[in-house]
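Reader: Please take a close look at one part of this model, the second largest cavity, and at the packing of the helix that gives the most to its lining.

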Amino acid sequence: MAKTIIDNSPKDLEERINSKLNEAYQMAEDYFFRKEKGMPLFVADHLSQEFIDAIEDIARQCEKASTGYLNIITGLAIKSVYLGNVDIRYHQKQIQKLTDRPAGFNFRVVSEKIVYPWMERHEFHGAKSGWQTRTFERPKPYTLTYDENIGSIKDSFLTVYDQAENKPESALFALALLLLRRIELREESKIILATPNIQDVILISQLFETHFFYKYKDSKGASRLPVLALHAIYSVLITELQRYKNKHLKALEAHSAADAQTGSIGDIEILNEDSTPFEALEVKHQIPINKAIVDSAKQKIRGSRVDRYYILTTNHQHEPSQDVLEEAENVKRLLGTQMIINGVIPTIKYYLRLLTNPALVLPEYVKLLENDTAISFEHRDVWNKIATGDIR
């Protein structure tokens, strides 16, 4: 009888499985947001074409065959943790005596207690277990001769297990490819966003504040939200204030684009008729403004004749220190640009009070949420919950 070589507490097992799922997800998400074409290098460098084809087939059928899909996710996650020390084809304790590399636990428990909750946290909905139907529960290893009828994914399903055993280190990259395809599917599903019809400045500000500071499972993209809100406000503001007569609001650059590459002097720019910058805003999320940030802004605007430059932060400490104020005054003296340091929320409240109809801002914000590539499914989903009162 084979000896169990894995000795993990339930807590340790959960941490290790979650760690590998997170690692694979990060690879997948990084590739997705880079908007590159073709197969990711982490796939091309580590997976055989047979393995890729099987994974792609499983991914295409992830909704129709959600039990088999979650089974594969579970198996690959376990393989990523234990590599060659465990033969993942032997998924039940009662058959692990047939291998010299037993896991010592049932994969079904991992699937239900660890993998399914992780999938739900990432808005990947489907079966609650990879062993939800009897055809996956048979006390037989998932070898190429597995004779149960598991439907249209059978060949691909068994190929994935076979390939992962032949090259254990490839399991993590196969897992990343599966998650990449699921991210693509999730992000393509169009969410109809709620657009509250609210005039009250305080209520609108509270909506923004709740959206900015929500504790997202994946924080990437959250720093874009204040930029979108301020851009939405300016899109209304320039139509009403005399200061912005004959001025136009520049379209937002991609979130990942560096200012040095685009020639931008800030996150948001209002331009003169000749497209030179008239006013600009630099928006920091949760970062207090210091002298170095002001100095960096000074370098950006040195070659322009921008009239006013805002540096705004969502950090609770947004009042400028004395050395920051002195540096801002120095910019005014040397370059003729009025530099204003303040908080995002106070600025939003001030601007909203200047508007004849503050409610016009929210439809503009929703348009940006729908179309901005840095905004994920989670940010949109949370906005709907905030806008409909499910989150306060």
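Author: The second largest cavity holds about 60 Å³ of space, where a cavity is a set of points, on a 1 Å grid over the protein atoms alone, at which a 1.4 Å probe fits but cannot get out, and the volume is the space filled by probe spheres set on points joined across faces, edges and corners. The model is predicted, so that local features need pLDDT of at least 70 and side-chain atom pairs count only at pLDDT 80 or more, while totals for chains, interfaces and linings use all residues. Residues are numbered from 1 along each chain as its sequence is written, and side-chain values use heavy atoms, without hydrogens and water.

Two cavities of 30 Å³ or more are counted. Among the residues lining the second largest cavity, which have an atom within 4 Å of a point, are Cys-62, Ser-66, Tyr-69, Leu-70, Tyr-116, Met-119 and Arg-182. Helix 4 (66-82) and helix 5 (107-121) are the elements that give two or more residues to this lining, helices being DSSP runs of H or I with at least four residues, and helix 4 gives the most, with three residues.

Helix 4 also packs with helix 7 (residues 154-166), at an angle of about 5° and with the axes 11 Å apart, the axes being lines fitted to C-alpha atoms over the stretch in contact and the angles running from 0 to 180 degrees between N-to-C directions. Helix 4 is therefore roughly parallel to helix 7, a term for angles under 35 degrees. In this contact (heavy atoms within 4.5 Å), residues of helix 4 including Gly-68, Ile-72 and Leu-76 meet residues of helix 7 including Phe-157, Val-160 and Ala-164.

How values were computed. On a 1 Å grid over the protein atoms alone, a cavity is a set of points where a 1.4 Å probe fits but cannot get out, and a pocket is an open set with protein on both sides within 12 Å along at least five of seven lines; lining residues have an atom within 4 Å of a point. Angles under 35 degrees count as roughly parallel, over 145 as roughly antiparallel, 65 to 115 as roughly perpendicular and the rest as oblique.
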